[in-house]
Amino acid sequence: MKQILLPTDFSDNAYNAIRYAMHFFKHEEVTFYLLNTFTPVSYHAGYLIENPTLYGLEDVAMVNSKRDIKRTEEKIRAEFDNPKHSFVRLSAFNTLIGEIEEVLEKYAIDLIVMGTKGATGAKEIFIGTHTMYTIKKVKCPVIAVPSNFEFEAPKDVLFPTDYNFNVNNAFLPLIKEICDKHICRLNILNAYYGVPLNDDQQKVKDFLDIYFKDNAHVFHIADGMDVLEAVEDFQKKYKINLLVMIHNKHSFFENLLFKPVINQVAYHTNIPFLVIPSEKRMQS
């Protein structure tokens, strides 16, 4: 049985990501952990010394959080009523990242699904701050779901890669599992700068060819363009339902993910993307 974490701030965007997860794992036995964290701005030691009556703020916030998580679970059950799915409600007075890290360890979470923008997300930013820091800090795969994205089965998956990753990555099986269960075609895209693959890169490519031998998979080369341009160009030509990336600390990923969106790259918000940590990040 899978253990999947669903952080929520009770915004429409957060619920949209939850809805995506219900569809995505419709046919699987899953325990979903609904998590809400809260850190009232006024809850600081210096402020409380001057205002001792505010010591109850945490209690009030906890009551509200538990109430709203219960309502969220009831809403999910009313909409989906899936006997394969069970829910655990979690409320915590903590930072989101701090609590996620604790929950990952305590419940052996396999995957996090969350929206790309929170209730106060800035429209000009590609990805919400909370989601960005979750991907950067947490050693767990994350599926980020864009605002207002309506579920589509991931029939065509785009996997841009420079072939500079460890083939022993513990989360590669997740990509294969998605391809198996959703009968996907995996499009493996490499941006070509006129320099041929070195031996290590070629070995990774050969490994992928064998690893996905039972899945429809196609290797693509984007000639004379950087990765951002390559992904954009590919999405113009093909209908992609899911973008998959390996997060290497010092790779094109950082440039792809953590920059403000301008009109030319606004397409990135159109589809969900799965980010899996690299082996180096898992060991750091």
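Colleague: Which residues of β10 point one way, and which the other way?

Modeller: This is a predicted model, where local features need pLDDT of at least 70, side-chain atom pairs count only at pLDDT 80 or more, and totals for chains, interfaces and linings use all residues. Residues are numbered from 1 along each chain as its sequence is written, and side-chain values use heavy atoms, with hydrogens and water left out. In a regular strand the side chains alternate between the two faces of the sheet. In β10 (strands are DSSP E runs of at least two residues, numbered from the N terminus), all five are buried, meaning under 20% relative accessible area with a 1.4 Å probe, protein chains only; Phe-273, Val-275 and Pro-277 point one way, and the other way point Leu-274 and Ile-276.

Colleague: Which strand runs parallel to β10?

Modeller: Strands pair if DSSP finds at least two bridges between them. Strand β5 (residues 142-145) has three bridges to β10 and runs antiparallel, with Ile-143 opposite Leu-274. Met-245 stands opposite Val-275, and the parallel partner, joined by five bridges, is β9 (residues 242-247).

Colleague: Happy to move on to the core! Which helix gives the largest share of it?

Modeller: A nonpolar core is a set of buried Ala, Val, Leu, Ile, Met, Phe, Trp, Tyr and Cys residues joined through side-chain atoms within 4.5 Å. The largest one has 74 residues, and Leu-6, Phe-32 and Ile-112 have the most contacts inside it. Seven of its residues, the largest share, come from helix α1 (residues 12-24; helices are H or I runs of at least four residues).

Note on methods
Buried < 20%, exposed > 50% of the residue type's maximum accessible area, 1.4 Å probe, protein only.
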